[in-house]
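Me: I would like a close look at a single part of this protein chain, namely the sheet together with the aromatic pairs. Please give one connected account that I can follow alongside the coordinates.

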Amino acid sequence: MASVEKEKYSANALTRGLEIIKLFNEEQPSLSLSEIAKHLGVSRTVPYRLLFTLQNLGYLAQDENTKRYSLTPKVLELGFSYLNSLKFPEIAQPYMETLRDEIGASCHLSILDGQEVVYVGSAPIRGISVVNVNIGLRLPAHATANGKLLLAYEPKERVTEMFHISNLTPYTDKTPTVPGELQQHLESIRQKGYAITSGEFLPDIYSVAAPIFDRTGKVVAALNVVAVESVYQEDFIDKVALPKLLEVAHLLSDYMGYSGSKTVL
């Protein structure tokens, strides 16, 4: 009875469409209409409309001369959708822990939610307490390196809309409080490909952040390193943390399917 019920809700067109996509492989990178019909065990009229739909959606391409069909790169979306459904913070965690151990400073992963950054991953260094970062912690985006980095890759109109009403809340005397000043910071960050802050949220705290891109080139998260000015050497952020941070962010972007150029110092 259960199998009959399942059959009742089965979408034959979708099933056939997926079967067609799976026919293409290294041995047969292109197929004709008759070959596809033969593989499916149906007449030529059955797959014709499905092929037209798959071509119209961009998953298949047809050679104008041979009339043979082949897959397009868009089919990779189907696989990347699965990869992206995995818990990215769990994937990033060992990378953050390795980075922390190599440079001896706390590393965090965060995403943007409106005017705040939300921490979704953390690899803190023991014995040096800067900010007690728990998963779910929210901090003001305009006063943190990771927040400003994520804002820098948002559409300018969206950032203007978020911060146009009044001056921004100051947390130290270094916090950017004028929207126009913040926009200048963001433009500079986007050009460089990373963000560095010094005492903008808490005094004596340095932070550097780098973007993690997905396959479409969208920034999906920020990876950042936090250091206490009185504990680390003056050039720690520039000479030690930043190069390593960019390297790890690039590796994570590669994992997400991004193929853009690497930031070079």
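Reply: The account below begins with the chain as a whole, goes on to the sheet and its helices, and then takes up the side chains.

The model is a predicted one. The chain contains 10 helices and 9 strands. Of its 265 residues, 40% count as buried. Among the contacts in the chain with a separation of 6 or more, 56% are between residues 24 or more positions apart.

The sheet is open and consists of 6 strands, which follow the order β6-β5-β4-β9-β8-β7 with antiparallel pairing. Its edge strands are β6 (138-140) and β7 (195-198), each of which pairs on one side only. On average, and with direction ignored, neighbouring strands of this sheet are turned by 30 degrees against each other. At the β6 edge, strand β5 (residues 116-123) pairs with β6 in the antiparallel sense over 3 bridges. Within this pairing, Glu116 has Pro140 of β6 standing opposite.

Two helices that pack on the sheet may be described next. Helix α7 (residues 145-152) packs on the sheet and touches β4 (106-113), β5, β7, β8 (205-213) and β9 (219-228). The direction of α7 makes about 35 degrees with that of β8. Helix α10 (residues 236-255) also packs on the sheet, where it touches β7, β8 and β9. For α10, the angle with the direction of β8 is about 20 degrees.

The aromatic side chains come next. A pair of aromatic rings is described by the distance of the centres and the angle of the planes. The count comes to 3 aromatic pairs. One of them is formed by Tyr153 and Phe213, which meet edge-to-face at 5.7 Å centre to centre, with 90 degrees between the planes. This pair links distant parts of the chain, since Tyr153 belongs to the loop between α7 and α8 (156-163) and Phe213 to strand β8, 60 residues apart. Tyr153 has a relative accessibility of 18% and therefore counts as buried. Phe213 is likewise buried, because its relative accessible area is 14%, which lies under the 20% limit for that class.

A further pair is that of Tyr171 and Phe201: the ring centres are 5.2 Å apart and the planes stand at 55 degrees, so the pair is tilted. Here too distant parts of the chain are linked, with Tyr171 in the loop between α8 and α9 and Phe201 in the loop between β7 and β8, 30 residues apart. Tyr171 is partly exposed, because its relative accessible area is 38%. Phe201, at 18% relative accessibility, counts as buried.

Tyr153 and Phe213 also belong to a wider group, as they form one aromatic cluster with Tyr258. Elsewhere, a ring has a charged partner: Lys74 lies over the face of Tyr59, at 5.2 Å from the ring centre.

One polar side chain completes the account. Gln183 lies in helix α9 (residues 179-192). Its relative accessibility is 14%, so Gln183 counts as buried. The side chain of Gln183 is joined to that of Thr160 by a polar contact of 3.1 Å. Leaving aside neighbours within four places in sequence, Gln183 is in contact with Lys156, Val159 and Thr160.

Definitions and conventions
Residues are numbered from 1 along each chain as its sequence is written. This is a predicted model: local features need pLDDT of at least 70, side-chain atom pairs count only at pLDDT 80 or more; totals for chains, interfaces and linings use all residues. Side-chain values use heavy atoms; hydrogens and water are left out. Helices (H or I, at least four residues) and strands (E, at least two) are DSSP runs, numbered from the N terminus. Buried means under 20% relative accessible area, exposed over 50%, partly exposed in between (1.4 Å probe, protein chains only). A polar contact is a pair of N or O atoms within 3.5 Å; within protein, one must be able to donate a hydrogen and the other to accept it, and residues adjacent in sequence count only if both atoms are side-chain atoms. Contact means heavy atoms within 4.5 Å. Two strands pair if DSSP finds at least two bridges between them. Axes are lines fitted to C-alpha atoms, for helices over the stretch in contact, and angles run from 0 to 180 degrees between N-to-C directions. Rings of Phe, Tyr and Trp (its six-membered ring) pair if their centres lie within 6.5 Å; planes under 30 degrees apart count as stacked, over 60 as edge-to-face and the rest as tilted. A charge sits over a ring if NZ of Lys or CZ of Arg is within 6 Å of the ring centre and within 35 degrees of the ring normal.
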